[in-house]
Amino acid sequence: MLRRAGILLVLFFSLGRVFAQSPPIALSGTLITPDGVVPDGVVLVQGGLIVAAGAHVSLPPGTRTVETHGILAPGLIDLHNHLTWNVFPRWKPTAEFATRYDWQHSTLYSTLLEGPHQALSEAGLECQMERYAEVKAISEGETSVVGGVDSPCVQGLARNLDYDPELGPGVGRIIYNIYPLEMSERAVAWANAALAATPRGSMLIHIAEGAPKNASAAEEFSMLQARGLLQPGVSLIHATALTPGNFKSMADDRVGFVWSPRSNIELYGDTANVAAAKAARVTMAIAPDWSPTGSDGLLGELNYASVWNQTQPVFSDRELVAMATSNAAALVGLQEKIGSLAPNHAADLLVIRDTGKARGKDAYWSLTHAAPEDVELVMIGGLATYGDPQLMHQFSKGPDETLHVCGVEKSVSFASETKSPGSFAATEATLDRALREQGTHLAPLAECGQ
């Protein structure tokens, strides 16, 4: 307890964040719950947690009720990204590549991306790049991300699962590794210790990335097996060159899979054999990779996957939504903490406009087809972080800044930041100036009219 100026204040810790004791909040709308869609439901939130969610929720005295008139879903969980690269505009390769090593050694990549990224990093702008990327992710409905800078410099915005998820005790170490075949024996031993610990850790690794029939990319799977890294808690990212037999082995070893279709198709002309992965019953998540060749965020990647799925149906809209929420949480051992509108889960929520109702479509369809301008509210740990001004004004404790996304006014709150790096407008101006010195410019928060 703290006493100041004769006023008694009560503070408590919930899921690693500090909250002032406040009345519960009830948000009403159409809910996407673990049991399905609830047309007229309520999510009750207090102290950063979901207290209850469903059609019949008893509201305690003093509850503040907010009618959203939208679709309430769990915040989206991004298990595959390279955040500081998301300040760059879209890179459109002029040819398809055989493996990731081919484009990484190309002159075009070095000139347009690698060189400028190194220059901004050497200029000490990594924290500003991270901050911009996290706001970009949040504007796409994401509440949890991986793939940020090695040392945390932006805290209090999205949950950075791989270095500080702010979810309290009972969370295993989450390792994010881009080149697992280059790990030292010491690093492998450290990873094995994390995977064997209680609570169990998890490991997200890039592997077998290239054209689906590329032999060298496919060989990486056997090399990974030889290192003993196919085990529970491990999830493979990309895996475009894997065979149905490989996916069967993954399922047997309880190894997960993170699918990034847009970047795969942009770079290699095709994506992983997700039909085989589904048939093998591999647990799958979906993630955008990065903005240059993937999507700006998970809403965009869900949109892309839903279009791809129309030509070769593999997933239902409900399955795609699970891949961005509950499945993703399960792959990193956080299914009891995030990824579902369920009691005792973090109040990480996404509210989107119900665009499907007039078309006779359900809430899952609305989410997989949502555009950036359809995001009405993003709440992280019970704190309103981003959304339409009229909703944000009912929640946010400030300071809010105004953004324009695809011609629609949005508000973003930085009240939860643990450090104060200045205004977001100043962050944008600094990054754009530095990028223009490198012959490019700051990417917009969202691609519009896609």
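A helix axis here is a line fitted to C-alpha atoms over the stretch in contact, with angles running from 0 to 180 degrees between N-to-C directions. Keep that in mind for the two helix pairs below, and note that this is a predicted model.

Let's start with H3 and H14. The axis of helix H3 (residues 126-139) comes within 10 Å of the axis of helix H14 (residues 424-436), and the two cross at roughly 120°. That angle makes H3 oblique to H14. As for handedness, the H3 and H14 crossing is left-handed. On the H3 side, Gln128, Met129, Arg131, Tyr132 and Val135 do the touching, and they meet Phe424, Thr427, Glu428 and Leu431 in H14. Sorted by class, that contact holds 5 nonpolar, 2 polar and 2 charged residues.

Next up, H7 and H9. Helix H7 (residues 261-268) and helix H9 (residues 298-311) have axes that come within 8 Å and cross at roughly 70°. Angles of 65 to 115 degrees count as roughly perpendicular, so H7 and H9 are roughly perpendicular to each other. H7 brings Pro261, Arg262 and Ile265 to the contact, while H9 brings Glu301, Tyr304, Ala305 and Trp308. The class split for H7 with H9 is 5 nonpolar, no polar and 2 charged residues.

Here are the two pairs side by side:

| Helix pair | Axes come within | Crossing angle |
|---|---|---|
| H3 and H14 | 10 Å | roughly 120° |
| H7 and H9 | 8 Å | roughly 70° |

Now for the empty space. The largest pocket has a volume of about 730 Å³. Its lining counts 30 residues, and the ones nearest the pocket centre are His82, Trp85, Gly147, Tyr176 and Ile178. By class, the lining of the largest pocket breaks down into 12 nonpolar, 10 polar and 8 charged residues. Helix H1 (100-104), helix H2 (107-122) and strand E12 (174-177) each supply at least two residues of that lining. H2 gives the most, with 4 residues.

Finally, a couple of backbone details worth a look. Thr198 and Pro199 are joined by a cis peptide bond, with omega at about 0°. Pro199 sits in the loop between helix H4 (185-196) and strand E13 (202-207). On the other side of E13, in the loop between E13 and helix H5 (215-226), you'll find Ala208. Ala208 has a positive phi of about 55°, although it is not a glycine.

Key: Residues are numbered from 1 along each chain as its sequence is written. This is a predicted model: local features need pLDDT of at least 70, side-chain atom pairs count only at pLDDT 80 or more; totals for chains, interfaces and linings use all residues. Side-chain values use heavy atoms; hydrogens and water are left out. On a 1 Å grid over the protein atoms alone, a cavity is a set of points where a 1.4 Å probe fits but cannot get out, and a pocket is an open set with protein on both sides within 12 Å along at least five of seven lines; lining residues have an atom within 4 Å of a point. Grid points are joined across faces, edges and corners, and a volume is the space filled by probe spheres set on the points. Ala, Val, Leu, Ile, Met, Phe, Trp, Tyr, Cys and Pro count as nonpolar, Asp, Glu, Lys and Arg as charged, and the others, Gly among them, as polar. Angles under 35 degrees count as roughly parallel, over 145 as roughly antiparallel, 65 to 115 as roughly perpendicular and the rest as oblique. A crossing is left-handed if the near helix is turned anticlockwise from the far one by less than a right angle, and right-handed if clockwise. Contact means heavy atoms within 4.5 Å.
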